[in-house]
Amino acid sequence: MTAEPDALAVVNQLRDLAADPMNRRAIVQDQGCLPGLILFLDHTNPQVVYSALLAIRYLAECRANREKLKGELGMMLSLQNVVQKPTTPGETKLLASEIYELLQASSSAESEPPEEAVSSRRKAQFFLGSSNKRAKTVILHIDGLDDPSRRSLCEEALLKIRGVISFTFMMTVKRCIVRIRSDLKAEALASAIASTQVMTAQQVVKGENGDEVLIPFPEEGSLEVEQNVDLPDYLPEDESPSQEPDKAVTRVGNGQDGNSWLGAATNFLSRSFYW
């Protein structure tokens with residue numbers, strides 16, 4: 001990198017890396033990232049705080065990370081402070097509260113379904129770990145994703161699409177993180193969600209300044225979608241590289257890039273916050 005990144009740039013990049021399930025354990029195991037994210041929760045810029053919360057929420061999708069997140073010095077107290085601070089925006093308070101409750105319940109995680117995944121056999125088989133190295137991650141903002149019944153409708157719609165590998169819901173912010181085959185277009189997801197007739201999807205992408213931007217899909221859902229008739233035990237791994245790697249918020253499949261940025265972010269955090 002030619003220039004020193006600022007706090008918002010660093011936290012946005014960590015958020016983007018955390019959105020990819022393949023990166024979550026590495027971020028949590030890194031010595032500098034979690035302390036840095038906790039310090040970002042007390043930042044004066046509300047965008048930095050919100051991005052840090054999103055990053056932590058993504059990391060908490062991995063059940064194995066939750067105890068580590070909960071036990072990290074200052075994590076729970078900082079989440080409480082965000083919720084109780086009078087100037088905190090409402091959506092930020094909701095997200096902080098959701099994370100706090102999720103981490104508080106982590107000790108009884110044996111009784112809850114993994115990573116907010118749906119529990120039936122048909123749905124659980126979609127959560128396959130990180131073996132699909134050339135898959136891509138699409139983050140959707142879903143208008144109308146208001147309650148568990150709507151989530152169930154959305155799940156059923158996504159399960160019908162051949163090429164969907166996994167999906168995870170973040171109900172508080174009306175988001176769905178979907179891992180798909182690299183040759184499947186994001187428009188297919190939007191078309192399936194629109195078929196519910198009660199929900200519509202927009203894609204969350206990264207703007208030029210690192211902020212998240214919502215991009216609407218075309219109104220007419222004329223895209224042909226290949227559907228699953230009988231769901232297989234696993235999805236095939238022979239995927240072609242993504243033709244649109246820059247459109248997704250996270251770029252999946254190039255571990256070296258992720259690791260180098262993670263190192264750069266850690267160095268920035270170390271220089272900025274530790275003495």
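1. A residue counts as buried when its relative accessible area is under 20%. Arg175 has 6% relative accessibility, so Arg175 counts as buried. This is a predicted model, and the points below describe that model.

2. Start with the whole chain. The protein chain has eleven helices and five strands. Of its 275 residues, 49% count as buried. The chain exposes about 13700 Å². Carbon and sulfur atoms supply 51% of that area. Take the contacts between residues at least 6 apart in sequence: 76% of them join residues at least 24 apart.

3. Next, the nonpolar cores. The largest one has 42 residues. Leu37, Leu53 and Leu79 have the most contacts inside it. Which elements give two or more residues to this core? They are α1 (7-18), α2 (24-29), α3 (33-40), α4, α6 (75-84) and α7 (90-104). Helix α4 provides the largest share, eleven residues. Apart from this core lies another, of 25 residues. Among its members are Leu145, Phe167, Ile193 and Met199.

4. Leu53 deserves a look of its own. Leave aside its neighbours within four places in sequence. Leu53 is then in contact with Leu41, Leu79, Val82, Thr92, Leu95, Ala96 and Ile99. One of these partners, Leu79, is also named with Leu53 among the residues with the most contacts inside the largest core.

5. Now a helix pair. Two packed helices are described by the angle between their axes and the distance between the axes. Helix α4 covers residues 46-60 and helix α5 covers residues 63-71. Their axes come within 7 Å and cross at roughly 130°. That makes α4 oblique to α5. From α4, the contact uses Ile56, Leu59 and Ala60. From α5, it uses Arg63, Asn65, Arg66 and Leu69. These residues divide into four nonpolar, one polar and two charged.

6. Ala60 belongs to helix α4. Is Ala60 buried or exposed? Ala60 counts as buried because its relative accessibility is 0%. Not counting residues up to four places away in sequence, Ala60 touches Arg66, Leu69, Leu102 and Leu103. Of these, Arg66 and Leu69 are in α5. Ala60 and Val28 are 32 residues apart in sequence. In space, their C-alpha atoms are 9.6 Å apart.

7. On the other side of this helix contact is Asn65, in helix α5. Asn65 is buried, because its relative accessible area is 3%. Which residues does Asn65 touch, not counting those up to four places away in sequence? They are Arg24, Arg25, Val28 and Leu59. Leu59 is one of the α4 residues in the contact of the two helices.

8. Helix α10 (residues 186-194) is mostly covered. How many of its nine residues are buried? Seven are. They are Ala186, Ala188, Leu189, Ala190, Ser191, Ala192 and Ile193. The buried residues pack against β1 (136-143), α9 (148-159), β2 (164-170), β3 (175-180) and β4 (200-206). Ile193 also appears in the 25-residue core.

9. Back to Arg175, which sits in strand β3. Its contact list, not counting residues up to four places away in sequence, includes Leu54 and Tyr58. It also includes Ile139, Leu140, His141 and Leu145. Thr168, Phe169 and Met170 are there too. Val204 and Glu212 complete the list. Arg175 and Gln203 are 28 residues apart in sequence. Their C-alpha atoms are 9.6 Å apart in space.

10. Finally, the backbone at two loop residues. Most residues other than glycine have a negative phi. Lys174 has a positive value, near 55°. Lys174 is found in the loop between β2 and β3. Its relative accessible area is 29%, so Lys174 is partly exposed. Gln197 also has a positive phi, of about 70°, although it is not a glycine. Gln197 lies in the loop between α10 and β4. Gln197 is exposed, because its relative accessible area is 74%.

Technical notes. Residues are numbered from 1 along each chain as its sequence is written. This is a predicted model: local features need pLDDT of at least 70, side-chain atom pairs count only at pLDDT 80 or more; totals for chains, interfaces and linings use all residues. Side-chain values use heavy atoms; hydrogens and water are left out. Axes are lines fitted to C-alpha atoms, for helices over the stretch in contact, and angles run from 0 to 180 degrees between N-to-C directions. Helices (H or I, at least four residues) and strands (E, at least two) are DSSP runs, numbered from the N terminus. Angles under 35 degrees count as roughly parallel, over 145 as roughly antiparallel, 65 to 115 as roughly perpendicular and the rest as oblique. Contact means heavy atoms within 4.5 Å. Ala, Val, Leu, Ile, Met, Phe, Trp, Tyr, Cys and Pro count as nonpolar, Asp, Glu, Lys and Arg as charged, and the others, Gly among them, as polar. Buried means under 20% relative accessible area, exposed over 50%, partly exposed in between (1.4 Å probe, protein chains only). Accessible areas come from the Shrake-Rupley method with a 1.4 Å probe; for residues, only the protein chains shown count as cover. A nonpolar core is a set of buried Ala, Val, Leu, Ile, Met, Phe, Trp, Tyr and Cys residues joined through side-chain atoms within 4.5 Å.
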